[in-house]
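Open the model in your viewer and follow the stops below in order. Each stop says what to select and what is found there.

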Amino acid sequence: MFTASELLDINQLLIPENKIVIITHYNPDGDAIGSSLGLKHYLNIKGLNAEVVVPNDFPKFLKWMPEAKKITIADYKRKKAWEMIDQADVIFILDFNAAHRCGNLVGPWIEKAKGIKILIDHHQQPEDFDFVYSDTSVPATSQMVYHFIEAMEEENIVNQDIAECLYCGIMTDTGGFRFRSTSATTHRIIANLIEKGADPAIITSNTWDTNTVSRLHLLSLILSRIEIVKDGKVAILYLKRDELKEFGFDKGDTEGFVNYGLSILGTRMSAFFMEDLYEDFIKISFRSKDDVDVNQFSRKHFQGGGHINAAGGKYYKDIYETIEDFKEKIEEEDF
Ligand code: 5GP
Ligand code: MN
């Protein structure tokens with residue numbers, strides 16, 4: 001958490017005269033949107049002028065969140081997004097550790113922006129901003145936003161809008177309260193959020209019971225050719241661009257696919273390779289169990305990063321070559 005004196009300084013910045021902008025990472029996920037909107041609702045209830053900007057669009061299954069449709073998407077509204085960031089007095093940096101995670105458009109805007117920057121994030125190796133609350137042991141940035149509200153001694157103003165957004169962020173980033181850093185504290189916060197009006201059945205259904213037939217067909221395709229290497233310890237999945245097109249791929253359709261690799265008995269790591277729809281590179285998602293550190297692995301070989309058990313990266317070769325290179329690199333790893 002921020003120190004007591006940092007909290008005092010931050011409190012001084014949270015005044016109605018200041019324009020506050022909340023930014024989250026490229027390809028926003030449930031925690032990115034949940035933490036950003038949760039914080040926005042909290043600041044708005046305090047009478048502050050706070051808005052959310054995201055670099056690019058996010059999946060439909062996150063658009064049920066209160067005011068999700070008011071988020072400014074920089075890809076679609078460049079001028080407005082630029083002006084918001086440029087004119088902001090205070091910029092909250094949520095659920096990412098470094099400006100480049102916002103992509104080629106918004107990343108440099110953040111670096112140039114004059115506003116005071118406040119980071120709240122749970123990824124490894126945060127860049128240095130004016131105020132930094134970084135904790136890799138917390139499973140979701142949405143939980144950290146709740147801790148921030150606690151530290152401000154304002155849990156009493158948490159309402160249903162805040163509760164729903166933070167609940168969704170915690171639920172998605174913990175894979176439904178399953179992943180390793182899900183703690184008793186996480187569950188206590190979830191209990192509080194339920195008391196404030198977050199309905200687990202409705203949120204789960206709005207977020208996860210949203211499959212389309214085309215998504216299930218994509219899933220069945222990748223499951224049908226899943227490959228296991230390194231003595232059963234590593235699962236490999238992949239999807240090509242023409243397949244994405246054939247099945248009418250929509251943003252977010254491949255969310256969670258990588259987890260199927262880890263659900264196989266004996267696997268310790270799963271890697272999912274996907275050709276980008278528009279540009280010539282392979283986007284990779286890694287997931288792992290226990291002490292298999294995919295953050296380090298991805299930083300070392302795939303220009304990426306993330307968390308110990310969930311990371312992503314990029315590679316600039318043909319998909320089959322990428323997978324072959326991956327297989328060589330993974331054989332060198334000691335697990
Ligand atoms: P996902 O596989 O869901 O895209 O990402 C898993 C985790 O790794 C997320 O926490 C995400 O922020 C992080 N991550 C994904 N791609 C990248 C990347 O290219 N670079 C870095 N540094 N982190 C990434
Ligand atoms: Mn997160």
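Select helices H2 and H6: H2 passes H6 in a left-handed crossing. The model is a predicted one. H2 covers residues 30-45 and H6 covers residues 160-173, and the two pack at an angle of about 160° with their axes 7 Å apart. The two helices are therefore roughly antiparallel to each other, since angles over 145 degrees count as such.

Now show the side chains where these helices touch. On the H2 side, pick Gly30, Asp31, Gly34, Ser35, Leu37, Gly38, His41 and Tyr42. On the H6 side, they meet Asp161, Ile162, Cys165, Leu166, Cys168, Gly169, Thr172 and Asp173. Sorted by class, this contact of H2 with H6 holds 6 nonpolar, 7 polar and 3 charged residues.

Keep H6 selected and add helix H5, residues 141-151. H5 and H6 pack at about 140°, with their axes 7 Å apart. That angle makes H5 oblique to H6. Which residues of H5 meet H6? They are Thr141, Ser142, Gln143, Val145 and Tyr146, and their counterparts in H6 are Leu166, Gly169 and Ile170. The contact of H5 with H6 has 4 nonpolar and 4 polar residues, and no charged residues.

Next, turn to a sheet. Select strands S1 to S6, which form an open sheet of 6 strands with parallel pairing, in the order S3-S2-S1-S4-S5-S6. Strands S3 (72-73) and S6 (131-134) stand at the edges with a single partner strand each, so one side of each has no neighbour in the sheet.

Within this sheet, colour S4 (residues 90-94) and S5 (residues 116-121). They pair in the parallel sense over 5 bridges. To find a matching pair of residues, label Leu94, which stands opposite Ile120 in S5. Then add helix H3, residues 78-87, which packs on the sheet and touches S1 (19-24), S2 (49-54), S3 and S4. The direction of H3 makes about 130° with that of S2.

Move on to the other strands, S7 to S12. They make up an open sheet of 6 strands with mixed pairing, and the order is S7-S8-S9-S10-S12-S11. Which strands stand at the edges? They are S7 (227-229) and S11 (305-306), each with a single partner strand, so one side of each is left without a neighbour in the sheet.

Colour S8 (residues 234-239) and S9 (residues 269-275), which pair in the parallel sense over 6 bridges. Val234 stands opposite Met269 in S9.

Two helices lie across these strands. Select H12 (residues 294-301), which lies across S9, S10 (282-288), S11 and S12 (310-315) and runs at about 10° to S12. Then select H13 (residues 319-332), which lies across S7, S8, S9, S10 and S12 and runs at about 160° to S9.

The last stop is ligand 1. Show the residues around ligand 1: His123, Ser285, Gly304, Gly305, Gly306, His307, Ala310, Ala311, Gly312, Gly313 and Lys314. The elements that give two or more residues to this shell are S11 and S12. Which element gives the most? S12 does, with 5 residues. By class, the shell around ligand 1 has 2 nonpolar, 8 polar and 1 charged residues.

Definitions and conventions:
Residues numbered from 1 in each chain as written. Chains lettered and ligands numbered in written order. Predicted model: local features only at pLDDT ≥ 70, side-chain atom pairs only at ≥ 80, totals over all residues. Pairing = 2+ DSSP bridges. Helix = DSSP H or I, 4+ residues; strand = E, 2+ residues; numbered from the N terminus. Contact = placed C-beta atoms within 7 Å. Axes fitted to C-alpha atoms, helices over the stretch in contact; angles between N-to-C directions. Near = placed C-beta within 6 Å. Nonpolar A, V, L, I, M, F, W, Y, C, P; charged D, E, K, R; others polar. Parallel < 35°, antiparallel > 145°, perpendicular 65-115°, else oblique. Left-handed = near helix turned anticlockwise from the far one by under 90°.
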